[in-house]
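Subject: Structure handover

Hello,

Here is the structure you asked to look at, followed by notes on what was found in it. Please keep the model open while you read.

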Amino acid sequence: MCGIFGYAGNEDAATRILNGLKRLEYRGYDSWGIAVSKNENIEIFKRVGAIGDINSKDLKLPKSGIGIVHTRWATHGGVTEINAHPHFSTDKSFVLAQNGIVENYQGLKSELIQKGYKFISQTDTEVIVRLIEDKLTNSENLIEAVRSAFLELKGRNTIILLENKNDHIIAVRNGSPLVVGLGKNETIIASDTLSFADRTNKVVLLENNQMIEYLNDQIKLFDVLTNNELEMIVSNLDHEDINVDREGFDHFMIKEIVEQKYTIETAAQYTEDELRDFLNAIRNSKKIYTVGAGTAGFAAQQIAYYLRKYAGIVAAELRSYETESYRNLFSKDDLIIAVSQSGETADTIEALEFAKEKGTKIASIVNMLGSTITRMSDYPFFSRSGPEICVASTKAFTAQIAWGLLVSLSLIGKHDEAKKILKDLAEKLDGYFNEYTFETIKNLAKKLKDQEHFFVLGKGQNYAVSLEGALKVKEITYKHFEGFPAGELKHGVIVLIDSGTPVFGIISEDENKSDILSAMAEVKSRGAMTIGIAKENNDLFDIFIPTIDGRLADALANVIPFQLLSYFLALELGNSPDKPRNLAKSVTVK
Ligand code: BG6
């Protein structure tokens with residue numbers, strides 16, 4: 001949810017840390033804070049709001065080779081400078097930042113207050129700081145105090161601490177991700193590998209309940225439960241210097257939307273050989289589950305649809321945050337497919353933990369390298385869409401379902417046909433991303449900008465797309481966009497249709513076309529403004545938005561107009577397309 005980054009090396013820590021932070025900002029951006037240590041003195045700079053173009057000189061921090069930083073997505077305590085991390089110990093001998101939620105912080109806080117400790121912020125994080133101070137009163141050293149304090153925390157928490165002496169950083173992981181980058185004369189401890197992909201691909205991926213200590217140029221890894229020192233396994237992530245710039249586009253969102261003319265095909269590059277074991281695992285499994293959250297949840301729904309529809313596989317889609325009732329149903333004869341851009345979504349990880357308990361085999365389609373979900377998987381796959389920086393997921397969504405279509409058609413011996421369908425779609429998309437399409441959607445955005453309530457109808461292959469399309473526009477425009485299966489219309493939703501209410505209908509040239517057109521007729525007869533997302537115009541449409549024919553992959557084509565509408569409508573409304581309010585790219589807390 002938040003982003004943490006620690007640096008120790010020969011360069012100016014403030015400069016290095018600020019660059020790392022800008023690569024982490026998509027993880028949460030309501031406030032941030034940086035601390036460096038020099039001559040046994042820690043200095044801090046905190047700010048509410050996005051990082052923007054600030055540079056290290058503006059921070060007026062001393063030149064130092066060691067420091068930590070944090071970008072926040074508030075969970076406890078308002079968005080203020082006082083609540084921004086890192087937080088000082090009472091004697092200013094160390095500072096600490098956290099990514100996670102201390103579920104038992106209220107109990108711990110009242111005990112500490114009884115012991116006379118003072119709190120200046122409303123955060124659960126400051127409780128960890130005071131708890132370490134309390135442990136220090138009867139611990140021989142800081143790392144022991146950190147370890148015993150950490151063991152009292154309930155929930156998924158990752159912390160990083162900078163001491164004012166001995167070039168000393170301690171970080172502990174339980175839940176939220178933590179990785180170490182081993183660069184030339186520098187060590188980086190961060191929330192994800194993207195933040196230092198421009199510096200090194202030598203990484204140590206921490207597991208839960210592992211603690212890393214950087215002390216005077218030495219780095220050690222410990223098991224926080226036993227305090228035993230562990231061997232550090234260094235992996236080489238095959239990520240070349242991943243550039244995270246907009247390459248001339250005004251925003252990451254429009255760049256990532258247009259990149260789909262490549263990324264859809266890239267996701268489907270797996271050969272039959274590479275898929276064989278996984279396809280057999282699907283064939284030999286009793287029940288297949290797909291699971292994800294947010295946009296990835298809708299992709300999981302689409303993949304289950306393809307498995308049922310094209311491969312005749314008994315597949316059920318689950319929402320990560322509602323899997324607890326399946327905990328006793330999962331079995332060793334089942335297989336669960338996790339869908340996630342980041343590979344770090346806490347709810348999806350918990351769903352996999354439930355499945356793993358019962359010996360269910362795990363497969364995954366993830367975009368980020370070195371993630372927790374990939375490491376939990378028996379069959380790990382990558383969508384290889386490149387970094388997705390815009391908080392609202394676009395190219396990762398179409399890549400995930402392109403992979404799902406490839407798998408589903410490969411199960412019935414149509415691997416090459418699947419690749420052909422996706423290749424054709426990618427080529428057509430290249431022609432679709434033109435001024436005419438952009439102007440058409442910009443005009444629609446202008447027409448709709450003063451409306452507040454919108455509905456999106458979808459059926460069959462377009463049901464999940466109606467949900468994802470609505471979410472996409474909702475995420476960026478903050479308007480009430482609701483997607484639902486067209487069949488639900490007459491069972492209630494139609495009461496919300498009034499004169500001029502915008503209703504989108506997603507129409508493919510398939511067996512559901514007439515049903516959707518009937519639904520459009522029903523809402524039109526109640527005064528709705530009907531917007532047809534379709535291959536051809538129709539008298540039932542007040543507004544026609546043409547899409548390309550993706551054949552069996554038509555769902556991928558049909559989500560694009562919603563991605564573009566959310567972008568152009570956000571611009572009309574003056575919203576940030578890349579960093580919508582209250583959201584973060586990877587939800588690492590439950
Ligand atoms: C949300 C993101 O926080 O998490 C969404 O804003 C995303 O875009 C969802 O779909 C799930 O994340 P992930 O990384 O598991 O795909």
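For two packed helices, an angle under 35 degrees counts as roughly parallel, over 145 as roughly antiparallel, and 65 to 115 as roughly perpendicular, while the rest count as oblique. Please note that this is a predicted model.

Helices H3 and H4

Two packed helices are described by the angle between their axes and by the distance between those axes. Helix H3 covers residues 105–114 and helix H4 covers residues 125–136; their axes are 10 Å apart and make an angle of about 45°. H3 and H4 are therefore oblique to each other. Their crossing is left-handed. Which residues meet there? From H3 they are Tyr105, Leu108, Lys109 and Leu112, and from H4 they are Val127, Arg130, Leu131 and Asp134. The residues of this contact divide into 5 nonpolar and 3 charged, with no polar ones.

The sheet of 7 strands

An open sheet is built from 7 strands in the order E5-E6-E7-E8-E12-E13-E14, and the pairing is antiparallel. Which strands stand at the edges? They are strand E5 (87–88) and strand E14 (229–230); each has a single partner strand, so one side of each is left without a neighbour in the sheet. H4 also packs on this sheet, where it touches E5, strand E6 (94–100) and E7. The direction of H4 makes about 130° with that of E6.

Within the sheet, strand E7 (residues 157–163) pairs with strand E8 (residues 168–174) over 7 bridges, in the antiparallel sense. To find one of the bridges in the model, look at Glu163, whose bridge partner in E8 is His168.

Helix H5 (residues 142–150) lies across E6, E7, E8, strand E12 (210–215) and strand E13 (218–223). H5 runs at about 20° to E8.

Strand E2 and its partners

Strand E2 consists of residues 31–38, and 7 of its 8 residues are buried, so the strand is largely enclosed by the rest of the structure. E2 runs antiparallel to E3, and 8 bridges join the two. Among the pairs, Trp32 has Arg47 in E3 as its bridge partner. E2 and E3 form a hairpin with 2 residues between the strands, in which Asn39 takes a positive phi near 50°.

E2 is also joined to strand E4 (residues 66–72), by 6 bridges, and these two strands run antiparallel as well. Here one of the pairs is Val36 with Gly67 in E4.

In a regular strand the side chains alternate between the two faces of the sheet.

Two single residues

Is Thr187 buried or exposed? Thr187 has a relative accessible area of 11%, and because buried means under 20%, it is buried. Thr187 is found in strand E10 (residues 186–190). Leaving aside neighbours within four places in sequence, Thr187 is in contact with Gly6, Tyr7, Ala8, Val180, Gly181, Leu182, Tyr214 and Ile219.

Gly52 is found in the loop between strand E3 (41–48) and helix H2 (56–59). Gly52 counts as partly exposed, with a relative accessibility of 43%. Beyond its neighbours within four places in sequence, Gly52 is in contact with Lys22 and Glu25. Gly52 and Glu25 are 27 residues apart along the chain, and their C-alpha atoms are separated by 9.8 Å.

Regards

Conventions: Residues are numbered from 1 along each chain as its sequence is written. This is a predicted model: local features need pLDDT of at least 70, side-chain atom pairs count only at pLDDT 80 or more; totals for chains, interfaces and linings use all residues. Side-chain values use heavy atoms; hydrogens and water are left out. Helices (H or I, at least four residues) and strands (E, at least two) are DSSP runs, numbered from the N terminus. Buried means under 20% relative accessible area, exposed over 50%, partly exposed in between (1.4 Å probe, protein chains only). Contact means heavy atoms within 4.5 Å. Axes are lines fitted to C-alpha atoms, for helices over the stretch in contact, and angles run from 0 to 180 degrees between N-to-C directions. A crossing is left-handed if the near helix is turned anticlockwise from the far one by less than a right angle, and right-handed if clockwise. Ala, Val, Leu, Ile, Met, Phe, Trp, Tyr, Cys and Pro count as nonpolar, Asp, Glu, Lys and Arg as charged, and the others, Gly among them, as polar. Two strands pair if DSSP finds at least two bridges between them.
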